[in-house]
Amino acid sequence: MAEDKFQSLKDKLNEAGKWPRVYFFKFIIKADNQKLAQVEALFGTEADVKIKQSHKGNYLSISAKELMLDAESIIERYRKAEKIEGLLSL
């Protein structure tokens with residue numbers, strides 16, 4: 001099922017325009033420094049990463065904009081993110 005999801009996303013990304021282009025990633029995790037470090041490690045130094053804490057401080061929202069070369073590089077990023085326990089991709 002996950003591969004179908006990734007193939008559908010890849011098709012949509014390729015239909016949406018030319019490469020390279022800036023892509024917006026958004027993830028939510030429980031407020032945990034180790035998990036935050038894992039998510040931040042997904043992105044290069046050139047990425048614009050913003051972290052926002054939930055009102056009660058229990059969760060973190062991580063938003064990142066990064067220049068991506070093709071749809072496959074985005075899919076690969078999501079595959080790596082899936083390995084982070086408790087991570088929610090938006």
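## A tour from the sheet to the core

Start by selecting I51, whose bridge partner is I62 in β3. The model on screen is a predicted one.

Now widen the selection to β2 and β3. These two strands run antiparallel, and 6 bridges join them. α3 packs on the sheet, where it touches β1, β3 and β4. Its direction makes about 10° with that of β1.

Next, show the whole sheet. It is open and has 4 strands, in the order β2-β3-β1-β4, with antiparallel pairing. Which strands stand at the edges? They are β2 (48–53) and β4 (88–89); each has a single partner strand, so one side of each is left without a neighbour in the sheet.

Add α2 to the view. This helix lies across β1, β2 and β3, and it runs at about 165° to β1.

Now turn to the side chains. The largest nonpolar core holds 22 residues. Select F25, F27, V39 and F43, which touch the most other members of this core. Two or more residues each come from α1 (2–15), β1 (21–30), α2 (33–40), β3 (59–68) and α3 (71–82). Which element gives the most to the core? α3 does, with 5 residues. In soluble globular proteins, nonpolar side chains tend to be buried together.

Finish on F27 and show what surrounds it. Leaving aside residues up to four places away in sequence, F27 touches V39, L42, F43, L60, S61, I62, Y78, A81, L87, L88 and S89. I62, in this list of contacts, is also the bridge partner of I51, where the tour began.

Terms used
Residues numbered from 1 in each chain as written. Predicted model: local features only at pLDDT ≥ 70, side-chain atom pairs only at ≥ 80, totals over all residues. Heavy atoms only, no water. Core = buried A, V, L, I, M, F, W, Y, C linked by side-chain atoms within 4.5 Å. Buried < 20%, exposed > 50% of the residue type's maximum accessible area, 1.4 Å probe, protein only. Contact = heavy atoms within 4.5 Å. Pairing = 2+ DSSP bridges. Axes fitted to C-alpha atoms, helices over the stretch in contact; angles between N-to-C directions.
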